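Please walk me through this fold. I would like to see how its strands pair and how its helices pack.

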Amino acid sequence: MSDNKYSVLLPTYNERDNLPIIIWLLVKYFTEEELEYEIIVIDDGSPDGTLEVAKQLETIYGSNRIVLRPRAKKLGLGTAYIHGIKHATGNFIIIMDADLSHHPKFIPQFIKKQMEGDYDVVSGTRYAGDGGVNGWDLKRKTISRGANYVTQILLRPGASDLTGSFRLYKKDVLEKLVSACVSKGYVFQMEMIIRARQFGYSIGEVPISFVDRVYGESKLGGNEIVQFVKGLLYLF
């Protein structure tokens, strides 16, 4: 299809049940589209044996496709991306969750969109076109939509979904954005888009269906909401 290579960064923590499925799906769609790829698993010391499962997957698919770059403990999403980028050999980076809330079937659409406009960033959006959310209760939907709406009003970022974490970046663009961001947790993805606009990067969007995690517990808690408010005030 092209000479591009796509590096998928998969930060994991207690995802032993989800990891085999998400990697199988990623391999399926990359192979069907005849794309060059690698999947970089960044496990932060999961106590449930996620790394052991990842090692088995490396044996199955090969170390050229499954790249294991574990860390000793949870050190945050931003540093996980920095760690992953250091080992990425692709010229494009895809970030997504390992909990099956982001379906790899949308990746070919991301790539097509990027090529159409030579976009620096392509972001999956739950709040435009036929995008949506499945499996969330009213509280989660209200928190997410509320956060997105307030951000749109205050910061006018020019993108419809600020807190999503399913995106494709040009590698050099992601490196610059991650190094510029200071936020942690829930607000980190929002700051990435705000910084992208500040730096003059172009952003394309692809509607996605977000599905609540299949196995394991959600990592969104009350502290994340507090951090969001603090981060929003900082950016504003």
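Strand E2, residues 36–43, runs parallel to E3, and three bridges join the two. One of the residues involved is Val 41, whose bridge partner in E3 is Leu 68. The model is a predicted one. Strands of a sheet pair through backbone hydrogen bonds, and they can do so in parallel or antiparallel fashion.

Now widen the view to the whole sheet. Seven strands make it up, and the sheet is open. Read across, the order is E3-E2-E1-E4-E7-E5-E8. The pairing is mixed. Strand E3 (66–68) lies at one edge and strand E8 (203–207) at the other, so to speak the two margins: each pairs on one side only. On average, neighbouring strands are turned by 20 degrees against each other, with direction ignored.

Helices pack on this sheet. Helix H6, residues 171–180, touches strand E4 (92–95), strand E5 (121–125) and strand E7 (167–170). The direction of H6 makes about 100 degrees with that of E7. Helix H7, residues 188–198, lies across E4, E5, E7 and E8. H7 runs at about 40 degrees to E7.

H6 and H7 also pack against each other. What is the angle between H6 and H7, and how far apart are their axes? The angle is about 115 degrees, and the axes are 9 Å apart. Angles of 65 to 115 degrees count as roughly perpendicular, and H6 and H7 are therefore roughly perpendicular to each other. Their crossing is right-handed. From H6, the contact is made by Leu 174, Leu 177, Val 178 and Ala 180. From H7 come Glu 191, Met 192, Arg 195 and Ala 196. By class, this contact of H6 with H7 has six nonpolar residues, two charged and no polar.

Another helix pair is H1 and H2. Helix H1 spans residues 19–32, and helix H2 spans residues 50–61. They pack at an angle of about 30 degrees, with axes 10 Å apart. Angles under 35 degrees count as roughly parallel, so H1 and H2 are roughly parallel to each other. H1 passes H2 in a right-handed crossing. Leu 19, Pro 20, Ile 23, Trp 24 and Val 27 form the H1 side of the contact. Thr 50, Val 53, Ala 54, Leu 57 and Tyr 61 form the H2 side. How do the residues of the contact of H1 with H2 divide into nonpolar, polar and charged? Nine are nonpolar, one is polar and none is charged.

Conventions:
Residues numbered from 1 in each chain as written. Predicted model: local features only at pLDDT ≥ 70, side-chain atom pairs only at ≥ 80, totals over all residues. Heavy atoms only, no water. Helix = DSSP H or I, 4+ residues; strand = E, 2+ residues; numbered from the N terminus. Axes fitted to C-alpha atoms, helices over the stretch in contact; angles between N-to-C directions. Contact = heavy atoms within 4.5 Å. Parallel < 35°, antiparallel > 145°, perpendicular 65-115°, else oblique. Left-handed = near helix turned anticlockwise from the far one by under 90°. Nonpolar A, V, L, I, M, F, W, Y, C, P; charged D, E, K, R; others polar.
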